[in-house]
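Hi,

Here is the model I promised to pass on. Could you have it open while you read the notes underneath?

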Amino acid sequence: MKNASVGAGRVAAAAGLLLLTALLPWLTRTDPALTVLHARYGDAPTTPGQLAQVRDQLGLGEGPFAFLGQWARGLLHGDLGASWVTGADVGADVGAALGVSLSLMGYAMVVAVVVAVALCLPALRRGATRPPAGVGAGVLAALPEFLLASVLATLLAVRLGWFPAQGWQSPASAVLPALALGIPAGAVLGRLGQDALPAAFAEPWVRTWRANGLPRARIARHAARRALPAVLPQAGLTVVGLTGAAAAVEAVFAIPGLGGTAVAAALDLDLPLLQGCLLVLLALGAAAAVIVGLLRRRLLGPALEAGALPGLARTPGAGPARLYAAGALAAALLAVIIWGLLRDPLQVDLAARLSAPCGAHPFGTDALGRDVLARLGHGALRTLAVAAAVCALSFVAGVAIGLVRWSAGFTEVANAMPAILAGLLVTGLFGAGQAGAAVAVAAVGWAPLAAHTAALAETERASGHVEAATVHGAGRLYILRHHVLGGVLPPVARHAVLRLAPTTLALASLSFLGLGTQPPTPEWGRLLTENLPYAERAPWSVLAPAAALACVGALAILASAGRRR
């Protein structure tokens with residue numbers, strides 16, 4: 001029954017997404033014929049006759065539902081249609097891009113697994129019941145993928161010549177983009193593993209095995225097996241994310257992947273190509289979810305159905321040293337922000353453009369000669385407040401949706417949806433601006449938290465104390481409040497905090513495309529995207545906002561290591 005509900009939800013959510021995509025030109029209140037002509041011929045002048053010809057050619061006068069019906073009929077015969085921009089066969093274009101992206105995703109997942117294992121290995125060796133600090137994971141997770149890609153390309157490809165700087169000709173071409181994608185993704189998975197391992201080592205069976213003299217290596221293997229089911233759903237979502245949301249890294253290395261193809265199709269309103277990309281991502285998400293579900297059931301064993309799993313154990317919170325470190329880091333960051341607030345972020349001095357740090361400009365200047373320290377300070381409140389609000393909204397939505405047993409299909413569809421598509425849809429409905437960008441990021445940002453919630457809730461509902469409460473007549477609401485949420489909320493809250501820096505970058509990417517905060521308003525993510533082309537000549541212009549994001553990531557990890565269950 002549950003599998004049927006999940007399947008029905010998956011189909012309904014996928015159909016809804018494809019319908020919204022078909023409505024995209026009409027929702028954005030733009031002339032799709034004009035957008036397609038600009039995509040074909042650049043900024044060449046257009047005439048009313050050309051626009052009318054394109055409308056007739058694409059059938060735009062018949063409305064979105066006619067297009068969707070024609071596309072669905074072609075899909076039943078294996079035909080994804082032709083691109084509105086190039087006229088090429090969509091199936092061939094999507095297939096070629098998918099092959100590249102799947103290869104890149106495979107390499108990146110290898111890097112992610114290595115990073116995650118390296119982060120979890122100290123806790124496994126110690127058999128720790130106290131959570132690790134996790135600062136390294138927080139800093140790595142906060143690294144912008146596009147910045148990491150640019151640094152790797154500059155150092156290892158351009159200057160040292162160890163790897164190709166662009167293109168997709170050989171396995172060597174995959175090394176640098178795989179590192180840029182895999183390191184932040186592995187940090188997130190590693191941090192979730194660090195969070196799950198202490199609870200596994202605190203379970204009663206560990207004390208029994210230790211008292212009976214079983215080897216530490218064997219105990220560590222079984223603890224890892226107990227912790228893996230909480231991390232596997234994130235790994236499944238990461239597979240889809242690395243395949244379809246790698247547009248920035250693909251652009252740095254000129255890789256013809258699915259992420260860049262989907263973003264370009266969304267911006268050009270090339271609906272057949274966009275629908276084809278989404279269909280492939282949805283199918284990949286469904287396949288990953290099925291595989292993850294089978295692996296989880298294999299790891300949890302018969303105890304899942306029998307309701308005999310141990311409940312999530314209570315583990316100690318952060319020690320005073322971590323709290324002192326968090327306080328010191330927060331004080332240093334606040335001092336820098338206040339220092340920047342005392343300066344003018346909008347003053348342009350072309351004579352001092354890209355100046356190195358000096359007494360007049362402690363953090364240097366950007367390409368327009370504006371003070372980087374001033375823009376960093378003035379952008380702090382806007383950046384952190386909006387990102388925190390988005391994370392809080394995503395946390396509430398993720399927990400609420402993840403607790404619904406049949407919501408897995410909606411989670412998979414939201415995860416497969418590119419943030420740029422959500423941005424275009426929200427902008428069409430509410431207009432461009434910071435609020436619209438925040439809604440767009442939150443519209444897809446809840447999916448990882450919902451998957452994490454669902455995994456923890458399923459394990460907790462199958463524990464012995466929930467079975468005992470049910471036998472004693474406890475109702476569903478009582479069990480949810482007193483037996484399930486206590487084990488679900490703390491880890492998911494720490495997961496939401498871990499996504500603070502990536503949320504900032506997602507907001508910046510929408511602002512860079514004109515869908516969010518407009519220039520010259522300072523914002524940390526915008527500082528990165530604006531100054532990235534000058535990173536080799538003036539590295540300080542991107543180092544300051546990148547370091548600030550890394551500090552926020554570390555501070556969030558330290559501050560969130562409180563009482564656990």
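Below is what I found, starting with the whole chain and then going through helix pairs and single residues.

**The chain as a whole**

Bear in mind that this is a predicted model. The protein chain has 25 helices and zero strands. It runs to 565 residues, of which 52% count as buried. If you take the contacts between residues at least 6 apart in sequence, 78% of them join residues at least 24 apart.

As for confidence, the mean pLDDT of the protein chain is 81, with 88% of its residues at 70 or more. Helix H6 (residues 90-126) has the highest confidence, with a mean of 90. The lowest is in helix H15 (residues 303-306), where the mean drops to 66.

**H14 and two of its partners**

I looked at helix H14 (residues 271-300) from two sides, with H13 and with H6.

Take H13 (residues 258-267) to begin with: its axis lies 8 Å from that of H14, and the two pack at an angle of about 140°. The cut-off for roughly antiparallel is over 145 degrees, so H13 comes out as oblique to H14. The crossing of H13 past H14 is left-handed. On the H13 side the contact uses Leu258, Thr261, Ala262, Ala265 and Ala266, while H14 brings Leu273, Leu274, Cys277, Val280 and Leu281. By type, that is nine nonpolar residues, one polar and no charged.

Now H6. Here the angle with H14 is about 45°, and the axes are 10 Å apart. That pair is oblique as well, because an angle has to be under 35 degrees to count as roughly parallel. H6 passes H14 in a right-handed crossing. The residues that meet are Val90, Asp93, Val94, Leu98 and Leu102 from H6, and Pro272, Leu273, Gly276, Cys277, Val280 and Leu284 from H14. This contact divides into nine nonpolar residues, one polar and one charged.

Have a look at Leu273, Cys277 and Val280 of H14 when you get there: they touch H13, and they appear again in the contact with H6.

**H9 against H11**

Another pair to check is helix H9 (residues 175-201) with helix H11 (residues 216-244). Their axes are 8 Å apart, at an angle of about 150°, and the crossing is right-handed. From H9 the contact takes in Leu181, Ala185, Leu189, Leu192, Gly193, Ala196, Leu197, Ala200 and Phe201. Facing them in H11 are Ile219, Ala220, Ala223, Ala224, Arg226, Ala227, Val231, Gln234, Ala235, Thr238 and Leu242. The split is 16 nonpolar, three polar and one charged.

**Two positive phi angles**

Which residues other than glycine did I note with a positive phi? One is Ala254, at about 55°, and another is Leu354, where phi is near 55°. Ala254 sits in the loop between helix H12 (247-252) and H13. Leu354 is in the loop between helix H16 (320-341) and helix H17 (372-402).

Their surroundings are worth a glance too. Ala254 has 39% relative accessibility and so counts as partly exposed. Leu354 has a relative accessible area of 8%, which means that it is buried.

**Arg375**

Arg375 belongs to helix H17. Is this arginine buried or exposed? Arg375 is buried, since its relative accessible area is 1% and the cut-off for buried is under 20%. Not counting neighbours within four places in sequence, Arg375 is in contact with Pro345, Leu346, Asp366, Arg370, Pro520, Thr521, Pro522, Leu527 and Glu530.

**Two more pairs of positions**

His38 is in helix H3 (residues 32-41) and is partly exposed, with a relative accessible area of 36%. How far is His38 from Val85 in space? The C-alpha atoms are 9.2 Å apart, with the two residues 47 apart in sequence.

Pro502 lies in helix H23 (residues 500-512) and is also partly exposed, at 29% relative accessible area. Its C-alpha is 9.7 Å from that of Gly525, and 23 residues separate the two in sequence.

Cheers

How values were computed. Residues are numbered from 1 along each chain as its sequence is written. This is a predicted model: local features need pLDDT of at least 70, side-chain atom pairs count only at pLDDT 80 or more; totals for chains, interfaces and linings use all residues. Side-chain values use heavy atoms; hydrogens and water are left out. Axes are lines fitted to C-alpha atoms, for helices over the stretch in contact, and angles run from 0 to 180 degrees between N-to-C directions. Helices (H or I, at least four residues) and strands (E, at least two) are DSSP runs, numbered from the N terminus. Angles under 35 degrees count as roughly parallel, over 145 as roughly antiparallel, 65 to 115 as roughly perpendicular and the rest as oblique. A crossing is left-handed if the near helix is turned anticlockwise from the far one by less than a right angle, and right-handed if clockwise. Contact means heavy atoms within 4.5 Å. Ala, Val, Leu, Ile, Met, Phe, Trp, Tyr, Cys and Pro count as nonpolar, Asp, Glu, Lys and Arg as charged, and the others, Gly among them, as polar. pLDDT is the predictor's confidence in each residue, from 0 to 100. Buried means under 20% relative accessible area, exposed over 50%, partly exposed in between (1.4 Å probe, protein chains only).
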